[in-house]
Amino acid sequence: MSYLTIIYSILEVIILLLIALFVGVLIPGIERKYVHARIQQRIGPPVTSSGLWASIKFLYKENIKPNSPVPGLYKAMPILCFIVVFLVFLALIPFNYNFVLFSSLIAIVGFLKVEEIAYVLMGSLSKSVMSAGLRFPDHVKGAERLGTLTSYLEDISSNRSLRMIAFGSFPLYLALFIPAALSGSIFLGDIIQYQQLHGPFIFTLSGIIGTVVFFIGLMIMLNEYPFSIVKAKADVIDGPYMEFASKYRTYIYVTRGFMIFTLSCLYGVLFLGIAPGLLNLHFILNIIVALIFVLFMGVFSAFSPVFTNKQFYPVVLVSSVIGALAVILGLLI
Amino acid sequence: MSLKTHSRSKAIHVMLVYTGGCNGCDIEIVNSILSPKFDAEQYSVFLTWNPREADVLVVTGPVTNQNRQPLEDIYNAIPNPKLVVAAGACACMGGVYKNCYGDIQSEEIEGPVENIIPVDAKVPGCAVRPQDVLSGVVASLPKLLGAD
Amino acid sequence: MEEKKAKTQEIIETEIQMGTVHPAALEPYRVRFFVEDEIVKDAEVTIGVNHRGIERIMEGLPVEKANMLTEKICGICSNIHVWNSVRVAEIGLGVEIPDRALYLRIIVAELERLHSHFLFLAHGCEVLGHETFSMRVFYMRETIMELLHMIGGNRVQYGCSIIGGVRPRCDLDESKLIKITEGLDTTEKNLKEFADRFTRDTMLLSRVTGVGSIPQEQAIKLAVTGPSLRATGVKKDLRTEMFEYENFDFDIITQPDGDVKSNLLMRVLESFESIKILRQAIKNIPEGKVVDRSWEMVDTDIIKSYIEAPRGTLYHSYAIEDGRVRGSIVRTPSMANIGAMQYASIGSHITDAQLCIVQCDPCFTCSDRAVEVYDFDSHEKLDKSILQSNIL
């Protein structure tokens with residue numbers, strides 16, 4: 001490996017990262033303006049407002065100490081999330097396929113698990129003023145059950161994220177292993193090579209099922225609207241993110257967009273057989289995939305109410321079952 | 001225009017706190033943000049319910065005694081720079097409820113909002129019109145944009 | 001020596017407090033949910049957060065002024081409060097109201113009922129997390145708000161009724177009546193489309209069916225009023241007993257289950273009835289003057305008046321002494337429905353719990369008054385045990 005290749009690879013990663021971040025911060029605006037607002041028959045916000053300018057604006061806000069038992073850990077969480085997503089992103093770059101352990105599906109699943117656990121921690125560490133923290137001359141005369149343990153709203157969302165780890169992330173992980181079953185390898189390099197020889201998986205039956213399951217898993221992973229029980233506005237307001245202010249809120253905004261882009265890159269690698277790269281302009285395809293995902297996500301979220309457990313379990317169950325079927329189908333063929 | 005000013009003018013998060021008015025102003029304001037007819041989002045004004053995210057606090061109602069503490073708490077939770085818009089006659093000057101007990105000493109009405117937190121803009125009206133709320137937020141914006 | 005007895009103690013996992021500022025509530029109130037594994041085991045709605053004591057302000061004011069003040073009780077059903085307050089004085093003073101004024105009052109009241117029901121639908125959809133439907137209903141509501149703005153000159157508080165009729169500025173000429181008819185046509189068309197989409201949306205229906213169900217006996221026991229009572233199947237509408245509505249033909253809508261779905265459909269169907277009443281009123285509106293000022297102020301005893309507000313039975317009463325109000329009492333419909341709110345939210349998932357409160361169409365700004373509950377038959381004062389959850 002020559003010295004020049006390494007320099008080139010680092011440059012490539014940086015440029016790709018910048019592209020990913022730029023696309024990522026535009027995604028909320030695109031979703032809001034061109035999908036939601038259009039369906040709701042109104043003009044909607046400027047495309048750059050809800051993602052790009054909001055993120056920059058929060059950088060200039062006063063950095064306050066969050067109301068949390070461990071402020072340091074709580075503040076570190078968004079950064080951790082960003083690093084984890086960045087690591088997943090790194091694993092997808094062709095240069096890193098040499099480090100087989102790093103660029104394997106197991107590693108990616110592991111990284112995404114860290115992201116999920118971060119939600120649990122964020123939820124339990126946030127003690128917002130909007131719930132039990134609101135000083136209210138409570139317990140009026142005749143109030144019942146005085147002295148009960150009071151929980152913050154974020155505690156509920158922490159509980160819910162724990163459940164999401166238990167069952168909510170099944171569809172995504174099953175969808176990740178469909179290509180592994182088809183190609184017989186869990187290493188990204190092998191999966192891509194296999195697809196270059198035999199054509200992309202999206203044109204096989206398992207691949208089509210896998211795409212649907214991947215999409216559902218992606219929405220659950222991102223806590224996107226119908227699956228947003230972790231941060232449902234009707235009860236937990238903003239969920240685990242309640243206490244983030246100023247630049248930490250920026251990290252969250254950026255991480256969300258970056259994650260959509262990364263997961264669509266992952267989809268590109270696993271089902272289309274293209275690795276993100278600068279020279280072969282494959283990143284344009286990734287952007288297109290990301291935008292298609294966002295489009296569908298927007299349509300889906302505009303036409304459905306928030307799912308409670310009653311709706312959530314069947315959706316996860318059905319998508320997991322068809323995901324498992326696709327894996328079995330892949331193994332048999 | 002610097003990046004700071006520009007970004008602030010392009011994304012304004014509004015939070016609404018109701019402190020015991022008659023519901024008229026609250027619904028008109030939520031309407032103005034929500035309904036497709038007024039659609040405040042086209043002027044990059046977003047409704048949020050998280051004080052940590054908010055820039056502008058819109059207060060309605062004459063601040064009853066029990067609402068004083070929550071209002072203060074939420075105001076303190078908003079990171080600087082922040083604006084307070086008092087919307088409606090009650091929030092501006094106490095409305096019909098100011099001095100409602102006459103000479104009898106009473107702590108029922110603490111308002112107007114000025115007595116509790118500093119107010120940057122006052123939007124009159126009973127109930128306020130959605131257009132007025134938007135113009136109130138916009139009129140007070142220079143203070144927000146110019147802040148450090 | 002004290003008798004030793006094992007304390008029966010329910011162990012509740014935790015308590016979740018929502019309010020006074022919460023996105024699911026459009027008004028300040030406090031609710032404490034006692035939760036076990038995200039299932040609400042008990043609920044307690046605390047009101048009194050926006051108690052302003054409007055009866056105290058009314059005390060001793062001239063009757064006309066006090067009537068105008070009742071409008072400030074509520075920003076959603078402002079007109080019905082004025083109407084009822086004026087009605088009290090009219091019953092007491094024996095004022096004859098011109099027919100045209102009656103029709104105008106009914107037009108405004110039914111338009112108000114429409115916008116109140118639309119607000120309920122929009123708010124319900126918002127709490128469900130269905131932003132598109134919420135926007136859709138708010139869009140429909142805007143047509144009604146414009147009509148009310150045209151009649152009264154204000155979007156929220158129109159101040160229409162005065163003793164002896166309605167304000168001359170609220171009189172409707174031919175062009176305004178045509179405008180109302182056009183507005184009603186578009187509203188009816190939109191509402192039909194919305195109802196059609198609503199009933200076919202399986203995802204939405206799975207969220208609302210069977211959630212927060214109130215049995216009929218329980219609803220009667222808790223003295224629930226208005227659409228919330230009719231949604232449990234009880235055919236009771238005070239409009240049938242009011243002399244103002246004598247010449248109008250309309251049905252009383254009932255729904256079978258008393259859950260969120262019934263409540264939402266209830267409001268949709270009742271809106272169609274309101275449109276029907278409005279059409280009749282516009283068609284048959286008589287000519288003549290709109291206000292009769294030839295009444296004289298006399299002292300009266302306490303006069304009571306019941307009226308059907310958008311949310312149920314509304315009660316106003318006061319006595320008149322020297323042209324001033326004495327001993328004013330207001331009882332708003334949401335006050336009676338608080339018990340139902342608590343009952344409905346028990347046993348549901350915590351995301352649905354706010355929905356269960358919303359399904360009774362709460363208006364806590366109305367209902368923040370001091371109350372004492374008496375048994376109807378025995379006139380005994382009841383304590384809060386009647387509101388307790390384990391009543392059945």
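**Exercise 1.** Which helices of chain C do the buried residues of H6(C) pack against?

*Solution.* The model is a predicted one, and the work begins by locating the helix. Helix H6 of chain C covers residues 174–200, which makes 27 residues, and its first and last C-alpha atoms are 39 Å apart, close to the 39 Å expected at 1.5 Å a residue. The next step is to list the residues of H6(C) that are buried, namely Ile180(C), Leu184(C), Thr187(C), Leu191(C), Phe194(C) and Phe198(C). The last step is to look for their partners, and these buried residues pack against helix H5 (131–152), helix H7 (202–208) and helix H10 (260–284) of chain C.

**Exercise 2.** Find where Cys92(B) is placed, and decide whether Cys92(B) is buried or exposed.

*Solution.* Begin with the element: Cys92(B) belongs to helix H4 of chain B, residues 89–93. Then turn to the surroundings, where Cys92(B) counts as buried because it has 23 C-beta neighbours inside 10 Å, and the cut-off for a buried residue is 20 or more. Leaving aside residues up to four places away in sequence, Cys92(B) touches Ala86(B), Pro112(B), Lys122(B) and Pro124(B). Finally, compare sequence with space for one further residue, since Thr60(B) stands 32 residues from Cys92(B) along the chain, while their C-alpha atoms are separated by 8.6 Å.

**Exercise 3.** Describe the side of chain B that touches chain C, and say which element gives the most to it.

*Solution.* Start with the size of the contact, to which chain B brings 35 residues and chain C brings 32 residues. On the side of chain B, the elements that give two or more residues are strand S1 (12–18), helix H2 (24–34) and helix H3 (68–77). H2(B) gives the most, with eight residues. Sorted by class, this side of chain B holds 19 nonpolar, eleven polar and five charged residues.

**Exercise 4.** Describe the side of chain A that touches chain C, and find in what sense S1(A) and S1(C) pair.

*Solution.* As a first step, note that 34 residues of chain A are in contact with 33 residues of chain C. On the side of chain A, two or more residues come from each of strand S1 (150–151), helix H5 (153–168) and helix H11 (309–332), and H11(A) gives the most, with three residues. By class, this side of chain A has 18 nonpolar, ten polar and six charged residues. Turning to the strands, S1(A) pairs with strand S1 of chain C, residues 14–18, in the parallel sense over two bridges, and Ser151(A) has Ile16(C) as its bridge partner in S1(C).

Note on methods:
Residues are numbered from 1 along each chain as its sequence is written. Chains are lettered from A and ligands numbered from 1 in the order in which they are written. This is a predicted model: local features need pLDDT of at least 70, side-chain atom pairs count only at pLDDT 80 or more; totals for chains, interfaces and linings use all residues. Helices (H or I, at least four residues) and strands (E, at least two) are DSSP runs, numbered from the N terminus. The expected span of a helix is 1.5 Å times one less than its number of residues. A residue is buried if 20 or more other C-beta atoms lie within 10 Å of its own, exposed if 12 or fewer, and partly exposed in between; C-beta atoms are placed from the backbone. Two residues are in contact if their C-beta atoms, placed from the backbone, lie within 7 Å. Ala, Val, Leu, Ile, Met, Phe, Trp, Tyr, Cys and Pro count as nonpolar, Asp, Glu, Lys and Arg as charged, and the others, Gly among them, as polar. Two strands pair if DSSP finds at least two bridges between them.
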